[in-house]
Amino acid sequence: MINGFEHIWEIIDLPTQLTWPMNKNGPVILIEDDADDQFLFEQVFRKLNYPNHVRYFPDGQEALDYLLSTAELPFLILSDINMPRLNGIELREKLHRDAALQLKCIPYLFFSTAASQEMVINAYSLSVQGFFVKQNSLDELEKSIYFIMEYWKRCAAPNNF
């Protein structure tokens, strides 16, 4: 207790609900510029049959425009790194700096064809929740997507309390 106040938000006059609850049935945002990779992701999501709609964007700028303009609360973001216009790292930086988008607590994960230690360090320094190397087989991609979806569907978010 501080000066008669039980919670810090009472002192600085903030609402108690600072974030939106994680929307576990919201859309999955998939940002992928390669048509073949996008097709593989479509096959996997169709086979796994989650209720989440998958919204595809060919680059980070289109995804950013959508995220800034929609009232819809996505479940999670799966992003490639190397893309035209606005790459995955640049997009993550913009989302990480946007206070309104931070409050939505949307998990952000990278899928990349290649990975280096520097890429992974850069990604995690921007507070991404995962970095995955794209698998060579549809079965392996399916396993990764299954485990990611199940993990986040079971995960308690700070805004669920």
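**Exercise 1. The packing of α4**

Which elements are included in what covers the buried residues of helix α4?

*Solution.* The structure is a predicted model, in which local features need pLDDT of at least 70 and side-chain atom pairs count only at pLDDT 80 or more, whereas totals for chains, interfaces and linings use all residues. Residues are numbered from 1 along each chain as its sequence is written, and side-chain values use heavy atoms, with hydrogens and water left out.

Step 1 fixes the terms. Helices are DSSP runs of H or I with at least four residues and strands are runs of E with at least two, both numbered from the N terminus. Buried means under 20% relative accessible area, exposed means over 50%, and partly exposed lies in between, with a 1.4 Å probe and protein chains only. A contact means heavy atoms within 4.5 Å.

Step 2 lists the residues: in α4, which covers residues 88–97, G88, I89, L91, R92 and L95 are buried. Seen down the axis of α4, these buried residues fall within an arc of 160 degrees, so they line one face of the helix; the arc is taken over the directions from the helix axis to the C-beta atoms.

Step 3 gives the cover, which includes the strands β1 (28–31), β3 (76–79) and β4 (108–112), together with the helices α3 (60–69), α5 (99–103) and α6 (117–125).

**Exercise 2. The start of α4**

Describe the surroundings of G88 and the polar contact at the start of α4.

*Solution.* Step 1 places G88 in helix α4, where a relative accessibility of 0% makes it count as buried.

Step 2 looks at its partners: not counting residues up to four places away in sequence, G88 touches S79, D80, I81, M83, Y108 and F110. The C-alpha atoms of G88 and S112, which are 24 residues apart along the chain, are separated by 9.6 Å.

Step 3 turns to N87, whose side-chain oxygen reaches to within 2.9 Å of the backbone nitrogen of I89 at the start of α4. A polar contact is a pair of N or O atoms within 3.5 Å; within protein, one must be able to donate a hydrogen and the other to accept it, and residues adjacent in sequence count only if both atoms are side-chain atoms.

**Exercise 3. The nonpolar cores**

Which residues of the largest nonpolar core touch the most other members?

*Solution.* Step 1 defines a nonpolar core as a set of buried Ala, Val, Leu, Ile, Met, Phe, Trp, Tyr and Cys residues joined through side-chain atoms within 4.5 Å.

Step 2 answers the question: of the 23 residues in the largest core, I31, L67, I77, L91, L95 and F110 touch the most other members. β1, α3, α4 and β4 each supply at least two residues of this core, and α3 gives the most, with four residues.

Step 3 follows F110, which, leaving aside its neighbours within four places in sequence, is in contact with S79, D80, I81, G88, I89, R92, A123, V128, G130, F131 and F132. A second, separate core of 20 residues includes L48, Y50, L78 and W152.

**Exercise 4. Helix α7**

Compare the expected and modelled spans of α7, and list its buried residues.

*Solution.* Step 1 takes the expected span as 1.5 Å times one less than the number of residues. For the 17 residues of α7 (residues 138–154) this gives 24 Å, and the end C-alpha atoms are 24 Å apart, which agrees.

Step 2 lists the buried residues of α7, namely L141, E142, S144, I145, I148, M149, E150 and W152, whose cover includes β1, α2 (35–48), β3, β4 and β5 (130–133).

**Exercise 5. Two loops**

Is N49 buried or exposed, and what is the corresponding state of N52?

*Solution.* Step 1 places N49 in the loop between α2 and β2 (54–57), where N52 is also found.

Step 2 reads the accessibilities: N49 is exposed, with a relative accessible area of 61%, whereas N52, at 6%, counts as buried.

Step 3 examines N52, whose side chain reaches the backbone oxygen of G26 at 2.6 Å; leaving aside neighbours within four places in sequence, N52 is in contact with K24, N25, G26, V28, F75, M149 and K153.

Step 4 considers phi. Most residues other than glycine have a negative phi. The phi of N49, however, is positive, near 60 degrees, and C105 has a positive phi of about 50 degrees. C105 lies in the loop between α5 and β4 and, at 23% relative accessibility, counts as partly exposed.
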